[in-house]
Amino acid sequence: MAIWLYQLPSGSIIGAAVATSLLLCVGAPWVTRRLLRLDVDARWAAGALDALKLIGPLAGIFTVFLLLQSVNRLHDAHKLVESQAMNLLQLDRSLGRIEGAETAEARRALRDYARILVDRGWPAMRAMQPSPDVDGAFSQLSNGIDTLTKLPAIQRRI
């Protein structure tokens, strides 16, 4: 689906659907009489109006369902961002309790990862594009943490 559609307010989407329905109700008879010069049987017009009365509310229900689903996805994304931020904060605090040069390097990699994630990763995600910078920063962070886990238990203080 088009990205710009998610950026539109819900009211404008509903307004556009209502305006389109009204335009069809008002414009279709005018087009058939004036431009196409056709005489439409009143029974056909009544049948078409009844069909529009049935299809209109169904389209509204589906639109509301899709908007609700989009709102739920937005809330899920917020929860994921909060969870990732909390995990990064906890990892930084845990690394702050360990002494050593390897720890300082791991904390630097953690902060670089967070900075790159915010500066380049999230804009790339918004554009639905991969970000190689985030992958590289995460790889450096992972290598730094792996280095710390290989230290003897005596040198590690948590």
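## Exercises on a predicted helical chain

S94 lies in helix 3, and the exercises below, which concern a predicted model, start from this residue before they turn to the core and the whole chain.

**Exercise 1. Determine whether S94 is buried, partly exposed or exposed, and how far its C-alpha atom lies from that of R107.**

Solution. Begin with the location, which is helix 3. Next take the relative accessibility of S94, which is 33%; because buried means under 20% and exposed means over 50%, S94 counts as partly exposed. Finally, turn to the pair S94 and R107, which are 13 residues apart along the chain and whose C-alpha atoms are separated by 9.7 Å.

**Exercise 2. Identify the helices that each supply at least two residues to the largest nonpolar core, and name the residues that touch the most other members.**

Solution. The core consists of 13 residues, and those touching the most other members are L95, L110, Y113, V134, L141 and L148. At least two residues of this core come from each of helix 3 (42–96), helix 4 (101–126) and helix 5 (132–149). Of these contributions, that of helix 4 is the largest share, with six residues.

**Exercise 3. Describe the surroundings of T103 and of A137, stating for each residue its helix, its burial and its contacts beyond four places in sequence.**

Solution. Take T103 first, which is placed in helix 4. Its relative accessibility is 3%, so T103 counts as buried. When residues up to four places away in sequence are not counted, T103 touches L95, I98 and L148; of these, L95 and L148 are also among the core residues that touch the most other members.

Then take A137, which belongs to helix 5. With a relative accessibility of 5%, A137 likewise counts as buried. Once neighbours within four places in sequence are left aside, A137 is in contact with Y113 and I116, and Y113 is again one of the core residues listed in the second exercise. A separate distance concerns D112, which is 25 residues from A137 in sequence, while their C-alpha atoms are 6.8 Å apart in space.

**Exercise 4. Locate M128, and state what its phi angle and its accessibility are.**

Solution. M128 is found in the loop between helix 4 and helix 5. Its phi is positive, at about 60°, although M128 is not a glycine. The relative accessible area of M128 is 59%, and because the cut-off for exposed is over 50%, M128 is exposed.

**Exercise 5. Characterise the chain as a whole, from its secondary structure and dimensions to its burial, contacts, surface and charges.**

Solution. Start with the secondary structure, which comprises five helices and zero strands, giving the pattern α-α-α-α-α along the sequence. The radius of gyration is 28 Å, whereas a compact globule of 158 residues would have one near 15 Å. Along the principal axes, the C-alpha atoms fill a box of roughly 95 × 25 × 20 Å.

Continue with burial: 15% of the 158 residues count as buried. Of the contacts between residues at least 6 apart in sequence, 60% join residues at least 24 apart. The accessible surface comes to about 12400 Å², and carbon and sulfur atoms account for 64% of this surface. To finish, consider the charged side chains, of which 18 are positive and 14 negative, with the centres of the two sets 5 Å apart.

Notes. Residues are numbered from 1 along each chain as its sequence is written. This is a predicted model: local features need pLDDT of at least 70, side-chain atom pairs count only at pLDDT 80 or more; totals for chains, interfaces and linings use all residues. Side-chain values use heavy atoms; hydrogens and water are left out. The radius of gyration is taken over C-alpha atoms; the globule rule is 2.2 Å times the number of residues to the power 0.38. Buried means under 20% relative accessible area, exposed over 50%, partly exposed in between (1.4 Å probe, protein chains only). Contact means heavy atoms within 4.5 Å. Accessible areas come from the Shrake-Rupley method with a 1.4 Å probe; for residues, only the protein chains shown count as cover. Lys and Arg count as positive and Asp and Glu as negative; His and the chain ends are not counted. The place of a charge is taken as NZ of Lys, CZ of Arg, CG of Asp or CD of Glu. A nonpolar core is a set of buried Ala, Val, Leu, Ile, Met, Phe, Trp, Tyr and Cys residues joined through side-chain atoms within 4.5 Å.
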